[in-house]
Amino acid sequence: MFDNQPKGLYALALANTGERFGYYTMLAIFALFMQAKFGWAEATAGQVYAAFLAVVYFAPLFGGMIADKIGYGKCVIIGMAVMFLGYLGLAIPTAADTTGLVAMFAGLTCVSLGTGLFKGNLQVLVGNLYDDPKYADKRDSAFSLFYMAINLGSMFAPSMAKWITNMHLNSLGFVYDAANQDPAYLEALYSGYGLCFGVACVSLILSAAIYFGCQKWFKHADVTARQVTKEQQVEELTPKQEKDRIKALLLVFAVVIFFWMAFHQNGSALTFFAKKYTNLSVSGPMRIGFNIWSLVLIAASVYTGFATVQAKARKNRLFCGLATLALWGGAIALYLQMADPIAAQPSDFQQFNPFFVVALTPFSMALFGALEQKGKAVSAPARIAWGMLVAGLGFALITIASFGLISPMDLGNDTQSILSPAWLVSTYFTLTIAELLLSPMGISFVSKVAPPKFKGLMMGGWFVATAIGNYLSSIPSMLWNKIPLIYNWAILIALCLASAAVMFALLKKLNEMTK
């Protein structure tokens, strides 16, 4: 799994891990922050949340266009600086007035533009490492590992947001209460949420330290098509080949829009569902999922477990086997020390998706690696099609849970906290399987298929599709108080199934285009 990968992969992955940790710490509480500070309903908060996500993921298109001309590394560095200014602006305390609104939107603008320069171009650098024939066959596994590293950062984010918020509330004599609408409590809550934005500033400093400290490991990959020297080889394509590749990419981009529309309900509709309908008093074995350190130990045990099987030396197998047992022992010990029940918060559920990504990545790599060795490799377009199908299944689960619940339009500001957390956890598990089928392979597909002189632009195009999907993710929030709950989920199921059908129909054509 980790064998024969270039060192540059690990440097770039860790730099991205730090940045994503700060970003997802902020994102875990962003919708809740807007509701607490400005008193916005789910529709308004969800629309702003979706618009921000849309701009964050649309900006890499322009970041890619700029990078194709001035260089990927330069854009990554500028992006980190601009993002830092944005998070710093969000972290500065302001009142819940016009000044506060202006400050928030100014900070969000900087974060969006900085991400546009940073995110896509960092991934182009990763892809360029695998243009070397020595590493070409490791491209798909590399992006799976890179994607795992992203989620390693985001896995800690909700717990960090919860810890900071609770610490601030406790210092002012409050405890978290989803139903509390007292002005003094809400001011304490949103000021606590505001402290979470400062975490992103610190994480960006760490990312920059990793990036500059290990720059020599990937410096050779920071080359655009215009900068290629005579000694270097670049793939030559005919105009028809370029056109066919771009056409294939655009078809994939169009379909994955609807995946991101459905998937990014985690920070809006699924968070509202956790707040309104889920029993946040968690008891029994389910508690282990709400201790981030138990999750970390379990995730680590997956990797030591695989190493136990894959290690060639007997002593290495023994060491990894003992490490696996020790990690599980530690996770169980932490679980036994937890209170019963524990009080969870709506944002806690957002740690399950990155945990599942980190824990399931080795299984995904092993499965598709075995299929490839047997001559039954599953192409990236096929994985995307299956990913859409599985995403529909994920929302079918939450639909089943929603039968018999009072609709949000009738519930108002009240809560009906009766559902087991297992429903949301199961939904996140299923959506994560869909994500692993679609997202890392989609990024790898773009880095492989994009014409050399349009690499930055095409990687930006992947994020534009993500941006459109993210903005459309506001639709369930806008309809939250207007239609029965199961109708909201039904819309997402229908779009996922329709997109899967389109991908399966185009599969042969897409595979032919990319041979």
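How do the residues lining the largest cavity divide into nonpolar, polar and charged? They come out as 13 nonpolar, nine polar and two charged. This is a predicted model, so take what follows as a tour of a computed structure. The main stops are two cavities of 30 Å³ or more, a set of 29 aromatic pairs and five salt bridges.

**The largest cavity**

- Start with the space itself: the largest cavity holds about 310 Å³.
- Its lining is made up of 24 residues, and the ones nearest the centre are Tyr24, Tyr57, Tyr147, His264 and Glu435.
- Quite a few helices chip in, with α1 (7–38), α4 (98–129), α5 (139–171), α7 (239–263), α11 (352–373), α14 (421–449) and α15 (455–472) each giving two or more residues to this lining.
- Which element gives the most to the lining of the largest cavity? That would be α5, with six residues.

**The second largest cavity**

- Here there is about 30 Å³ of space.
- Val124, Gly127, Asn128, Val446, Ser447, Lys455 and Met459 line the second largest cavity.
- Two or more residues of that lining come from each of α4, α14 and α15, and these three helices also turn up among the elements lining the largest cavity.
- The top contributor to the second largest cavity is α4, which supplies three residues.
- Sorted by class, the lining of the second largest cavity has three nonpolar residues, three polar ones and one charged one.

**Aromatic pairs and a cluster**

- A handy reminder before the details: two numbers describe a pair of aromatic rings, the distance of the centres and the angle of the planes.
- There are 29 aromatic pairs to pick from, and one of them is Phe253 with Trp462, which is edge-to-face because the planes sit at 70°, over the 60 degrees needed, with the ring centres 6.4 Å apart.
- Phe253 belongs to helix α7 and Trp462 to helix α15, so this pair ties together parts that are 209 residues apart in sequence.
- Are Phe253 and Trp462 buried or exposed? Both are buried.
- Phe273 and Tyr277 make another aromatic pair, this one tilted, at 5.3 Å centre to centre and 35° between the planes.
- Phe273 and Tyr277 are both in helix α8 (residues 269–277), where they are four residues apart, about one turn of the helix.
- Phe273 and Tyr277 are buried too.
- For a group rather than a pair, look at Phe290, Phe349, Phe352, Phe355, Phe356 and Phe429, which form one aromatic cluster.

**Charges over rings**

- Arg20 has its charged end over the ring of Tyr23, 4.1 Å from the ring centre.
- Arg383 does likewise with Phe368: the charged end sits over the ring, 3.9 Å from its centre.

**Salt bridges**

- The general idea is simple enough: side chains of opposite charge can pair when their charged atoms come close.
- The structure has five salt bridges, including the three described here: Arg20 with Glu19, Arg139 with Asp131 and Arg287 with Asp340.
- Arg20, already met over the ring of Tyr23, also forms a salt bridge with Glu19, and the closest N and O atoms are 2.7 Å apart.
- Arg20 has 0% relative accessibility, so Arg20 counts as buried; Glu19, at 1% relative accessibility, counts as buried as well.
- In the salt bridge between Arg139 and Asp131, the closest N and O atoms are 3.0 Å apart.
- That pair is a mixed one for exposure: Arg139 counts as buried at 8% relative accessibility, whereas Asp131 counts as partly exposed at 40%.
- How far apart, N to O, are the side chains of Arg287 and Asp340 in their salt bridge? The figure is 3.9 Å.
- Arg287 is in the loop between β1 (281–282) and α9 (292–310), while Asp340 is in the loop between α10 (314–336) and β2 (342–343), so the pair ties together parts that are 53 residues apart in sequence.
- Arg287 is buried because its relative accessible area is 7%, under the 20% limit.
- Asp340 has a relative accessible area of 49%, so Asp340 is partly exposed.

Methods
Residues are numbered from 1 along each chain as its sequence is written. This is a predicted model: local features need pLDDT of at least 70, side-chain atom pairs count only at pLDDT 80 or more; totals for chains, interfaces and linings use all residues. Side-chain values use heavy atoms; hydrogens and water are left out. On a 1 Å grid over the protein atoms alone, a cavity is a set of points where a 1.4 Å probe fits but cannot get out, and a pocket is an open set with protein on both sides within 12 Å along at least five of seven lines; lining residues have an atom within 4 Å of a point. Grid points are joined across faces, edges and corners, and a volume is the space filled by probe spheres set on the points. Ala, Val, Leu, Ile, Met, Phe, Trp, Tyr, Cys and Pro count as nonpolar, Asp, Glu, Lys and Arg as charged, and the others, Gly among them, as polar. Rings of Phe, Tyr and Trp (its six-membered ring) pair if their centres lie within 6.5 Å; planes under 30 degrees apart count as stacked, over 60 as edge-to-face and the rest as tilted. Buried means under 20% relative accessible area, exposed over 50%, partly exposed in between (1.4 Å probe, protein chains only). A charge sits over a ring if NZ of Lys or CZ of Arg is within 6 Å of the ring centre and within 35 degrees of the ring normal. A salt bridge is a side-chain nitrogen of Lys or Arg within 4 Å of a carboxyl oxygen of Asp or Glu.
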